[in-house]
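Notebook open, coffee poured. I want to look up a few things in this model and jot down what turns up.

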Amino acid sequence: MSRKYDSRTTVFSPEGRLYQVEYAMDAINHAGAAVGVLSKDGVVLVAEKKITSKLLETSKSTEKMYKVDQHIATAVAGITADANILINHARLGAQRHLLTYSEPISVEGLVRNICDLKQGYTQFGGLRPFGVSFLWAGWDSHYGFQLYQSDPSGNYGGWKATSIGGNSQSSQSMLRQEYKDDCSLDEALYLAVKVLGKNMDSTTLSADKVEISTITRVDGKVVFHCFTNEQLVVAVKRFTDEVSQTPQ
């Protein structure tokens, strides 16, 4: 039945479904996972790297983490080329807002702009949905630290902790059980690494298979920090040590 209605994004099936949008979400479920956790001190983003090679220059490339503005960053799951288009659009939108209103764009305002664009690609003929989901982390003077998730349909929502990409359902189930509202940044980091490590496709978690970034405030300024390889080793070792000490 679905084959009659899945050739165009603009055609609803009799059940009221848009199959091309659902296929885009299925593509994301086969991508590397990304986990975001909100804490009272900042936001932690942890993502699984699918491309690992000794020849890769890690200091000059990133697969999952992107800085959008001075106070906003994002982690992606899905088709990276699609993500690059939307991230460039987000960066332009943030700078246009700053130029027009002389103040940084709000986190939700930027997410809404991107989701409006994504929704348009589900409504007009000759286009396909963007095959990528985002975790948006940021801080603004209205609501402080925030974490949002957006998907190819154009929907978005605010979260305390969430996951996108592969095994996202089991990751979210684990986050529901272990997340605490008043957790510190260090506790959020440990939880995010733990959730990713226990739900990723690889058998063991290692520093070359993960990217970690944080959004914090230091001396009144928002700081986006991507972990160096040495910091990744320390963060991952903390998780692997705990796993090795757990009785089988």
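My entries follow, going from the whole chain down to single residues.

**Entry 1: overall.** I'm working from a predicted model, so I keep that in mind throughout. I looked up the secondary structure and got six helices and ten strands. The protein has 248 residues, and 48% of them count as buried. I also checked the contacts between residues at least 6 apart in sequence: 62% of these join residues at least 24 apart. For the surface, I noted about 13000 Å² exposed, with carbon and sulfur atoms supplying 51% of it.

**Entry 2: helix H3.** I picked H3, which runs over residues 107-120 and has 14 residues. From its first C-alpha to its last I get 21 Å, close to the 20 Å expected at 1.5 Å a residue. Which residues of H3 are buried? My list reads Val-107, Gly-109, Leu-110, Val-111, Ile-114, Cys-115, Lys-118 and Gly-120. I noted that a lysine is on that list, Lys-118. What do the buried residues of H3 pack against? On the helix side I wrote down H2 (80-101). The strands are E3 (65-69), E4 (72-78), E5 (132-140), E6 (144-150) and E7 (156-158).

**Entry 3: cysteines.** How many disulfides does a search of the whole structure find? Zero. For my own reference, a disulfide is a covalent bond between the sulfur atoms of two cysteines. I still looked at two cysteines. Cys-115, one of the buried residues of H3, has a relative accessible area of 2%. Cys-226 comes out as partly exposed, at 34%.

**Entry 4: around Cys-226.** I found Cys-226 in strand E10, residues 221-226. Setting aside neighbours within four places in sequence, I have Cys-226 in contact with Met-65, Ile-212, Ser-213 and Gln-231. Ser-213 is 13 residues away from Cys-226 along the chain, yet their C-alpha atoms are separated by 4.3 Å.

**Entry 5: rings.** I ran the aromatic search over the whole structure and got four pairs. One of them is Tyr-121 with Phe-130, a tilted pair with 4.5 Å centre to centre and 50° between the planes. Is each ring residue buried or partly exposed? Phe-130 is buried, with a relative accessible area of 7%, while Tyr-121 counts as partly exposed at 28%. Last lookup of the day was Trp-139: the charged end of Arg-217 sits over its ring, 3.8 Å from the centre.

Technical notes
Residues numbered from 1 in each chain as written. Predicted model: local features only at pLDDT ≥ 70, side-chain atom pairs only at ≥ 80, totals over all residues. Heavy atoms only, no water. Phe/Tyr/Trp six-rings, centres within 6.5 Å; stacked < 30°, edge-to-face > 60°. Buried < 20%, exposed > 50% of the residue type's maximum accessible area, 1.4 Å probe, protein only. Lys NZ or Arg CZ within 6 Å of the ring centre and 35° of its normal. Disulfide = S-S within 2.5 Å. Helix = DSSP H or I, 4+ residues; strand = E, 2+ residues; numbered from the N terminus. Expected span 1.5 Å × (residues − 1). Contact = heavy atoms within 4.5 Å. Areas by Shrake-Rupley, 256 points an atom, 1.4 Å probe, with all protein chains shown as cover.
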